[in-house]
Amino acid sequence: MVDIHVIANYVSFIGTVCGLFSRVPQVYQTYTTKSAKDLSTKTLSINITANSCFLFYSIVNGQYPIMLNCLSVITLESSLVYMKKNFKDIKKSSSGLSLVEMIDSEN
């Protein structure tokens with residue numbers, strides 16, 4: 001008979017991998033487009049706070065898969081906050097000009 005704790009460890013590992021990879025596309029898209037206008041800073045901050053709490057819990061209880069997930073989420077969400085703060089709100093076109101520069105150059 002399979003021990004429920006062994007199953008729980010595998011499920012925890014799968015959840016950790018899914019949690020990590022679910023955030024990577026958003027970070028990649030934000031970085032490549034240099035546009036973070038639509039991201040909610042409040043949501044990102046709540047996610048960082050929640051995962052910091054889970055991180056504390058996982059450290060105290062030696063839950064290493066959860067600890068890995070929390071660290072990766074905190075890192076990825078923090079990078080989104082950084083990009084939101086530092087990227088311009090106006091998304092650039094494929095030509096490299098901002099929409100404002102394109103309108104000004106037509107006049």
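Here a trainee and a mentor talk through the terms used for this predicted model.

Mentor: Quick ground rules: this is a predicted model, where local features need pLDDT of at least 70, side-chain atom pairs count only at pLDDT 80 or more, and totals for chains, interfaces and linings use all residues. Residues are numbered from 1 along each chain as its sequence is written, and side-chain values use heavy atoms, with hydrogens and water left out.

Trainee: What makes up the protein chain, in helices and strands?

Mentor: There are 4 helices and 0 strands, running α-α-α-α from the N terminus on. Helices (H or I, at least four residues) and strands (E, at least two) are DSSP runs, numbered from the N terminus.

Trainee: Why is Glu77 called buried?

Mentor: Buried means under 20% relative accessible area, exposed over 50%, and partly exposed in between (1.4 Å probe, protein chains only). Glu77 has a relative accessible area of 5%, so it is buried. Over the whole chain, buried residues make up 22% of the 107 residues.

Trainee: And why is Arg23 called partly exposed?

Mentor: Arg23 has a relative accessible area of 22%, so it goes in the class between the two cut-offs.

Trainee: How do you know that Arg23 and Glu77 form a salt bridge?

Mentor: A salt bridge is a side-chain nitrogen of Lys or Arg within 4 Å of a carboxyl oxygen of Asp or Glu. For Arg23 and Glu77 the N to O distance is 3.2 Å, so the pair qualifies. Arg23 lies in helix 1 and Glu77 in helix 3 (residues 64-86), so the bridge ties together parts that are 54 residues apart in sequence. The structure holds 1 salt bridge.

Trainee: Why can such side chains pair?

Mentor: Side chains of opposite charge can pair when their charged atoms come close.

Trainee: What makes Val2, Ile4, Val6, Ile7, Tyr10 and Val11 a nonpolar patch?

Mentor: Patches are made of residues with over 30% relative accessible area and no salt bridge; like charges are joined within 9 Å, and nonpolar side chains (Val, Leu, Ile, Met, Phe, Trp, Tyr) within 5 Å. Take Tyr10, in helix 1 (residues 4-33): its relative accessible area is 58%, so it is exposed. Together the six-name list you gave has about 600 Å² of accessible area, which comes from the Shrake-Rupley method with a 1.4 Å probe, where for residues only the protein chains shown count as cover.

Trainee: Which residues make up the largest nonpolar core?

Mentor: Val27, Ala36, Leu39, Leu44, Leu76, Leu80, Met83 and Phe87, 8 residues in all. The largest share, 3 residues, comes from helix 3. A nonpolar core is a set of buried Ala, Val, Leu, Ile, Met, Phe, Trp, Tyr and Cys residues joined through side-chain atoms within 4.5 Å. A second, separate core of 5 residues includes Ile48, Leu55, Met67 and Ile74.

Trainee: What does Thr30 touch, leaving aside neighbours within four places in sequence?

Mentor: Thr30 is in contact (heavy atoms within 4.5 Å) with Ser35, Ala36, Leu39, Leu80, Met83 and Phe87. Thr30 sits in helix 1, and at 0% relative accessibility it counts as buried.

Trainee: Which residues does Val73 touch, not counting those up to four places away?

Mentor: Val73, found in helix 3, touches Gly19, Arg23 and Asn51. The C-alpha atoms of Val73 and Asn51 are separated by 7.0 Å, with the two residues 22 apart along the chain. Val73 has a relative accessible area of 2%, so it too is buried.
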